[in-house]
Amino acid sequence: MKVVVDMNKCQDHGQCVFSAPDVFRMDDDGHLAYVPDPDDALRDEVEEAADVCPLQAIRIED
C-alpha cells in the first residue's frame with residue numbers, strides 16, 4: 001500500500017491524524033507529515049483518514 005497526499009489540496013486540517021495517528025502527524029510547523037508506505041495492517045485506518053479528509057487530498061495506491 002502506498003499513501004499519496006496531494007499537498008496542493010491539503011490545508012493541514014489534521015482530521016487524518018485522528019483516524020490514522022501511526023501514519024499521519026502534524027510537524028513542528030503545523031504541516032502534515034506522513035508515512036508514504038505504511039504497513040498493510042493499517043489499511044483500515046488509512047482508508048478512514050482518506051474518507052474524513054475535508055478536501056479529499058489523500059489517496060491509496062496498491
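How much accessible surface does the chain have, and what share of it belongs to carbon and sulfur atoms? The total comes to about 4,000 Å², and carbon and sulfur atoms account for 44% of that. Before I go on, keep in mind that what you're looking at is a predicted model.

Okay, the overall layout. We've got 2 helices and 4 strands in this chain, and if you walk along the sequence they come in the order β-α-β-β-α-β. The radius of gyration is 10 Å, while the globule rule gives 11 Å for 62 residues; those two are close, so the chain is as compact as a globular protein of that length. If you'd rather think in boxes, the C-alpha atoms fill one of roughly 30 × 20 × 15 Å along the principal axes.

What about burial? Of the 62 residues, 34% are buried. And for contacts, take the ones with a separation of 6 or more: 59% of those join residues 24 or more positions apart.

Now, the cavity. There's 1 of 30 Å³ or more in the structure, and the largest cavity holds about 100 Å³ of space. Its lining is made of 13 residues, and the ones nearest the centre are Cys10, His13, Gly14, Cys16 and Cys53. Sorted by class, that lining comes out as 8 nonpolar, 4 polar and 1 charged.

Next, helix H1, which covers residues 15-19. I picked two residues from it. Ser19 sits in H1, and at 17% relative accessible area it falls under the 20% cut-off, so it counts as buried. Which residues does Ser19 touch, once you leave aside its neighbours within four places in sequence? The contacts are Glu45, Glu48, Ala49 and Val52.

Phe18 is in H1 as well. Is Phe18 buried or exposed? Its relative accessible area is 68%, which is over 50%, so Phe18 is exposed. Glu48 comes up again here: Phe18 and Glu48 are 30 residues apart in sequence, and their C-alpha atoms are 9.6 Å apart in space.

On to the backbone, for those of you who like checking torsions. Which way does phi go at Asp12, positive or negative? It's positive, near 60°, and Asp12 is not a glycine. You'll find Asp12 in the loop between strand E1, residues 2-5, and H1. With a relative accessible area of 24%, Asp12 is partly exposed.

Gln56 has a positive phi too, about 50°, again without being a glycine. This one is in the loop that runs between helix H2, residues 43-52, and strand E4, residues 58-61. Gln56 is partly exposed, with 47% relative accessibility.

Last residue, Val35. Where is it? In the loop between strand E3, residues 32-34, and H2. Val35 has a relative accessible area of 34%, so with the partly exposed range lying between 20% and 50%, that's where it goes. Setting aside neighbours within four places in sequence, Val35 is in contact with Val3, Asp22 and Val23. For a distance to try in your viewer, go from Val35 to Pro54: they're 19 residues apart along the chain, and the C-alpha atoms are separated by 20 Å.

That's my tour. If you load the model, I'd start from the cavity and Cys10, one of the residues nearest its centre, then move over to Ser19 and its contact with Val52. Happy to take questions.

Conventions:
Residues numbered from 1 in each chain as written. Predicted model: local features only at pLDDT ≥ 70, side-chain atom pairs only at ≥ 80, totals over all residues. Heavy atoms only, no water. 1 Å grid on protein atoms, 1.4 Å probe; cavity = no way out; pocket = protein on both sides within 12 Å on 5 of 7 lines; lining within 4 Å. Points joined across faces, edges and corners; volume = space filled by probe spheres on them. Nonpolar A, V, L, I, M, F, W, Y, C, P; charged D, E, K, R; others polar. Buried < 20%, exposed > 50% of the residue type's maximum accessible area, 1.4 Å probe, protein only. Contact = heavy atoms within 4.5 Å. Rg over C-alpha atoms; globule rule 2.2 N^0.38 Å. Areas by Shrake-Rupley, 256 points an atom, 1.4 Å probe, with all protein chains shown as cover.
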